[in-house]
Amino acid sequence: TAGAHLCYYHKGNDQLQVGVEVETNLRLGESVATIGYQIDLPKANLVFKGTVDSNWTVGAVLEKKLQPLPFTLALSGMLNHAKNQSRFGCGLIIG
């Protein structure tokens, strides 16, 4: 009762997906809108995901399957322009 969460997701084709989300907290008087997308490149075994929100935060993740091994390499980054902060990371997903 203190907020609302709305989202819409659309799959454009086999390679592109887009989503929009709005979250409102009535107690704090805040709202955040986020748009995100995912691009699948199956021939390259690659997935790219990105988001941008109304708090000036931009994020992205690149996932590359390491064939024939059962591993996926993940590289990520997030940049908050308003707070002048950035975070970067890498990971190895098993399975």
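In the predicted model, Tyr-37 is partly exposed, with a relative accessible area of 34%. The structure holds one aromatic pair, in which the ring of Tyr-37 is tilted against that of Phe-48, with 6.0 Å from centre to centre and 40° between the planes. Because Tyr-37 belongs to strand S3 (residues 30-41) and Phe-48 to strand S4, the contact ties together parts that are 11 residues apart in sequence. Phe-48 is likewise classed as partly exposed, at 30% relative accessibility.

A single salt bridge was counted. It is formed by the side chains of Glu-63 and Lys-49, with an N to O distance of 3.6 Å. Glu-63 is located in strand S5 (residues 57-66) and Lys-49 in S4 (residues 46-53), so this pair links parts that are 14 residues apart in sequence. Lys-49 has a relative accessibility of 31% and therefore counts as partly exposed.

The strands that carry the salt bridge, S4 and S5, are also paired with each other in the antiparallel sense, over seven bridges. Within this pairing, Lys-49 has Val-61 of S5 as its bridge partner. Three residues separate the two strands of the S4 and S5 hairpin, where Trp-56 adopts a positive phi near 65°.

S5 is further joined to strand S6 (residues 71-80) by 10 bridges, again in an antiparallel arrangement. Val-61 stands opposite Ser-76 of S6, and Val-61 is also the bridge partner of Lys-49. S5 and S6 likewise form a hairpin, with four residues between them.

Terms used. Residues numbered from 1 in each chain as written. Predicted model: local features only at pLDDT ≥ 70, side-chain atom pairs only at ≥ 80, totals over all residues. Heavy atoms only, no water. Salt bridge = Lys/Arg side-chain N within 4 Å of Asp/Glu carboxyl O. Buried < 20%, exposed > 50% of the residue type's maximum accessible area, 1.4 Å probe, protein only. Phe/Tyr/Trp six-rings, centres within 6.5 Å; stacked < 30°, edge-to-face > 60°. Pairing = 2+ DSSP bridges.
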